[in-house]
Amino acid sequence: EFHFGPCHVEGVALLELWKAFGAMKDIVVTQDKIMSVRLLKQEVFQNVSDAESCYLAHELLKFYLHTVFKDYYHKVVEFKIMKSFSTLANNLFVIMSKLQPRQENETVSIRESAHRRFLLFWSAFKQLNTEAALTKAFGEVDILLTWMGKFYRH
Amino acid sequence: AAPGTEDSPALLQYVKFQSSNFENILTWESGPESPPDTTYSVEYKTYGESVWLAKKGCQGITRKSCNLTMETGNLTELYYAKVTAVRPGGQPFPKISERFSSLQHTTIKPPDVTCVPKVRSIQMIIHPTPTPILAGDGHRFTLEEIFQDLFYRLELRVNHTYQMHLGGQQREYEFLGLTPETEFLGTIMILVPTWSKESAPYVCRVKTLPDWT
């Protein structure tokens with residue numbers, strides 16, 4: 001299960017996420033020709049506190065599901081990788097929906113810190129044309145999973 | 001496709017990283033039309049950076065491998081490598097590797113183990129596995145430090161039908177209740193569940209000591 005600070009998520013196996021993405025990775029990453037830009041830079045994840053991790057995970061997964069996965073689907077059909085894509089998307093949706101980051105006053109600064117990290121990613125995403133940004137973001141799911149893996153407990 | 005462009009596989013193919021215990025070796029193969037005096041030059045780049053860096057010691061070489069361990073040693077970075085093949089009087093032919101992450105791609109070698117036979121038991125001492133990855137204080141990270149969920153699986157084959165099993169994250173184990181002066185086959189593996197990595201087994205054939213009492 002995942003322990004993003006106070007937010008615990010059961011019922012999703014990290015291995016399944018890696019397997020699903022692994023089945024698509026070669027096709028997807030080779031489409032990304034812009035090697036000099038990384039959206040999920042080191043600064044996005046550097047020294048994320050446990051408390052922040054729930055907010056950051058929730059915000060990133062929400063963006064990935066509502067924007068990247070949604071708008072990249074036509075490519076998924078083109079590459080015929082729907083099965084792996086659905087497995088990945090469904091599992092990430094389960095994680096996101098189970099993350100219930102608290103919204104009280106005392107968490108404002110933590111939320112803002114997590115949001116600043118998300119904006120690092122988001123602003124880099126916006127600087128690329130849509131197709132390139134979607135391809136790059138989807139190709140960086142391994143970077144996202146690597147970070148999420150730090151909060152996984154067997 | 002015109003020679004020297006990405007699509008003509010004439011001089012160069014299969015540029016890829018081979019990684020084991022975080023030792024990262026770039027390898028490639030010559031193309032079907034490469035003359036024997038073709039030379040190769042290697043560059044590498046961190047994903048997200050714009051500059052290609054030349055790898056010293058792998059410029060104008062004829063061998064088909066290059067050790068990029070130190071250059072690709074940051075576990076939170078991803079990397080690309082580029083090999084450029086040149087044949088005398090011909091166009092340079094570049095080919096780029098896939099995006100490489102040592103955390104994702106490295107395989108795990110068998111552990112280093114000392115099997116110690118006693119009269120009615122066999123002790124197995126697993127030694128930590130150093131990697132080339134340097135910590136801030138200059139010491140080399142071990143596999144155990146890099147992979148928090150790394151554990152060991154030990155098996156002792158007693159006979160064709162009966163095996164004993166032990167496992168865990170500690171380094172010393174002892175199979176007890178064995179018959180003196182008998183040969184056993186021990187196998188020890190490293191597993192890293194988060195990354196679904198599994199080493200080949202270390203195997204030791206050991207005979208328990210005679211019981212002089």
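What volume does the second largest pocket have? In this predicted model, the second largest pocket comes out at about 820 Å³. Of its 29 lining residues, Asp26(A), Thr30(A), Ser97(B), Glu98(B) and Arg99(B) sit closest to the centre. H1(A) chips in the largest share of that lining, with nine residues. Other elements that each give at least two residues include strand S1 (12-20) and strand S7 (93-96) of chain B.

The largest pocket takes up about 980 Å³. Among its 36 lining residues, the ones closest to the centre are Thr146(A), Lys150(A), Thr76(B), Leu103(B) and Ile146(B). Here H7(A) hands over the largest share, four residues. Here's how the two linings break down by class.

| Pocket lining | Nonpolar | Polar | Charged |
|---|---|---|---|
| Largest pocket | 16 residues | 13 residues | seven residues |
| Second largest pocket | 12 residues | seven residues | 10 residues |

Now for the contact between the chains. Chain B puts in 23 residues and chain A 21 residues. Together they bury about 1700 Å², with 53% of that on carbon and sulfur atoms. On the chain B side, Tyr47(B), Arg99(B) and Thr194(B) lose the most area to chain A, together 34% of what that side buries.

As for polar links, 13 residue pairs are in polar contact between chain B and chain A, and the salt bridge count is two. One salt bridge joins the side chains of Arg38(A) and Glu77(B), at 3.2 Å from N to O. Strand S3 (39-46) and helix H1 (102-105) of chain B each supply at least two residues of the side touching chain A, and H1(B) gives the most, with three residues. By class, that side of chain B has eight nonpolar, nine polar and six charged residues.

Note on methods
Residues are numbered from 1 along each chain as its sequence is written. Chains are lettered from A and ligands numbered from 1 in the order in which they are written. This is a predicted model: local features need pLDDT of at least 70, side-chain atom pairs count only at pLDDT 80 or more; totals for chains, interfaces and linings use all residues. Side-chain values use heavy atoms; hydrogens and water are left out. Contact means heavy atoms within 4.5 Å. Buried area is the accessible area (1.4 Å probe) that two parts lose on being put together, summed over both. A salt bridge is a side-chain nitrogen of Lys or Arg within 4 Å of a carboxyl oxygen of Asp or Glu. A polar contact is a pair of N or O atoms within 3.5 Å; within protein, one must be able to donate a hydrogen and the other to accept it, and residues adjacent in sequence count only if both atoms are side-chain atoms. Ala, Val, Leu, Ile, Met, Phe, Trp, Tyr, Cys and Pro count as nonpolar, Asp, Glu, Lys and Arg as charged, and the others, Gly among them, as polar. On a 1 Å grid over the protein atoms alone, a cavity is a set of points where a 1.4 Å probe fits but cannot get out, and a pocket is an open set with protein on both sides within 12 Å along at least five of seven lines; lining residues have an atom within 4 Å of a point. Grid points are joined across faces, edges and corners, and a volume is the space filled by probe spheres set on the points.
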